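This report goes through selected strands, contacts and backbone features of one protein chain. The sequence and structure are shown first.

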Amino acid sequence: MINRFLTTWLILVLLVSKLSAQNTIWKRHTIDASLSGADGVKITDVNNDGLPDITTGWEEGGYTKVYLHPGFNLVKQNWPSVIVGKTPNVEDAVFADLDNNGALDVVSSTEGHHNKIYFNWAPSNLDDYLNAEEWKSQVLPASDKNVQWMYCVPMDIDGKNGIDLVVGSKNKNAEIGWFQSPKNSRKLSKWKWFSISPATWVMSMFSKDMDGDGDLDIVVSDRKPGPTQGVRWLENPRKIRKQKKTWKNHFIGCQGLEVMFMDLKDLDGDGLEDVIVTEATTRKIWFLKRMDKTGLNWKPFPIAIPEYATKPKSVVVGDLDNDGKPDLVHSFEKANGKKEGIYWLSYKNKPTDSVWEWHTISGPKGIKYDKIELVDLDGDGDLDVLTCEENYGADSEGLGVIWYENPLNEI
């Protein structure tokens, strides 16, 4: 009888604790807030210690930085960092070993009135990785073409000379294409550009084999009105001669909608990777369910965004409460320091439900949140939320690069 009572009591305590965690503002930890306009986070383990490191472009600050995970004991403090290059109007930064020497360099894409791509060459000796004097930045000549560069995906397209770069842009002359790496990638004048699709405003890109033919295709969320607006994928034609020309376009969904950031995950557990994207036209999250292996058949399921939320920005998939079911994390712009900028969502019956339950993460602090990564930063077995808050101006320079500590395993 006593054991049964204790078991029941423990279950109730855990249930109450879980419900409390669902409606608790998560602890915010600052990785860096030293500059202005933190714009996006990309993660990779650069020093082979098994921990995620970060690169971020500070758009208004005009620099690209790298942050090394300091270990679980120090993860709640500011992280060790280095400025890898002066990159005015930087919109995106991503790790890539451009010269195949084992050290991860950083590619910075810039927009505004600058419109160039920078190669930030890392020191070959990992012991010098945090030494700014050992980094060297160069403009990629082929990128100097009056295009606002928005997003870059390192990807070996032609099977030669290592990593190539797939890049998307926005507004006037917007397009998607790839920079072909030469035999000696340090000879920047030898890199060549090939346009493969028109675009309107590229928000996010993934390299995925969408049709199961063994090569990597490109999945895109294209934001602004135009013939390419929506979520779509570009079919890799495989032959190098055709790879240098327009790739065949396949729409997945959300044509005519202002799509923002997206994620590619198997949301319903059927073994097929779906697309989850948020959009600002009708203010919905769309679960674009993949119906077969061809990549040509998709079925849309809308998920409502509450009226009290502001402008949608990013959505990602992950199991936040360790119950075995996928959840969503959503970020917003224009929170105005009053409404919340980040929530997490759980479904009650099935992921095709049109109404999910919304739970707090950020509280009202912060205004313009951006791309999200879900990763266990403190090593306690649950997913934390890594992002940046890029508000800038006379009254605020934003929260910077930050992460929110999942309270699940604190209790």
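The text below covers a sheet, a nonpolar core, one covered strand and a few single residues of this predicted model.

**A four-stranded sheet**

Strands β18, β19, β20 and β21 form an open sheet, in that order and with antiparallel pairing. At its edges stand β18 (259–265) and β21 (298–304), each of which pairs on one side only. On average, neighbouring strands in this sheet are turned by 20° against each other, direction ignored. Five bridges connect β18 with β19 (residues 274–279) in the antiparallel sense. Within this part of the chain, D263 has I276 of β19 as its bridge partner. Strands of a sheet pair through backbone hydrogen bonds, in either a parallel or an antiparallel way.

**The largest nonpolar core**

The largest nonpolar core has 22 residues, and those touching the most other members are V166, I176, I196, V202, M205 and I218. At least two residues of this core come from each of β10 (148–155), β12 (175–180), β13 (192–198), β14 (202–208), β15 (217–222) and β18. β10 gives the largest share, four residues. In soluble globular proteins, nonpolar side chains tend to be buried together.

**Strand β12 and its partners**

How many of the residues of β12 are buried? Six of its six residues are, and the strand is mostly covered. The cover extends to both faces: E175, G177 and F179 are buried on one side, and I176, W178 and Q180 are buried on the other.

β12 runs antiparallel to β11 (residues 164–170), with four bridges joining the two strands. In this pairing, L165 is opposite F179 of β12. Four residues lie between the strands of the β11 and β12 hairpin, where N171 takes a positive phi near 60°. β12 is also antiparallel to β13, through six bridges. Here I176 is opposite S197 of β13. I176 is also one of the core residues that touch the most other members.

**Residues with positive phi in loops**

Two further residues, N89 and K334, also have positive phi values although neither is a glycine. Their positions and accessibilities are set out below.

| Residue | Phi | Loop | Relative accessibility |
|---|---|---|---|
| N89 | about 60° | between β5 (81–86) and β6 (90–96) | 28%, partly exposed |
| K334 | near 55° | between β23 (327–333) and β24 | 49%, partly exposed |

K334 counts as partly exposed because its relative accessibility of 49% is not over 50%, the limit for an exposed residue.

**S346 in strand β24**

Is S346 buried or exposed? The residue, which belongs to strand β24 (residues 342–346), is buried, because its relative accessibility is 9% and the limit for a buried residue is under 20%. Residues up to four places away in sequence aside, S346 touches D327, W356, E357 and H359. With H359 there is also a polar contact of 2.8 Å between the two side chains.

**K245 and its surroundings**

K245 sits in the loop that runs between α2 (240–243) and β17 (248–253). Leaving out residues up to four places away in sequence, K245 touches S195 and I196. I196 is among the core residues that touch the most other members. K245 and T87 are 158 residues apart along the chain, and their C-alpha atoms are separated by 30 Å.

Definitions and conventions. Residues are numbered from 1 along each chain as its sequence is written. This is a predicted model: local features need pLDDT of at least 70, side-chain atom pairs count only at pLDDT 80 or more; totals for chains, interfaces and linings use all residues. Side-chain values use heavy atoms; hydrogens and water are left out. Two strands pair if DSSP finds at least two bridges between them. Axes are lines fitted to C-alpha atoms, for helices over the stretch in contact, and angles run from 0 to 180 degrees between N-to-C directions. Contact means heavy atoms within 4.5 Å. Buried means under 20% relative accessible area, exposed over 50%, partly exposed in between (1.4 Å probe, protein chains only). A polar contact is a pair of N or O atoms within 3.5 Å; within protein, one must be able to donate a hydrogen and the other to accept it, and residues adjacent in sequence count only if both atoms are side-chain atoms. A nonpolar core is a set of buried Ala, Val, Leu, Ile, Met, Phe, Trp, Tyr and Cys residues joined through side-chain atoms within 4.5 Å.
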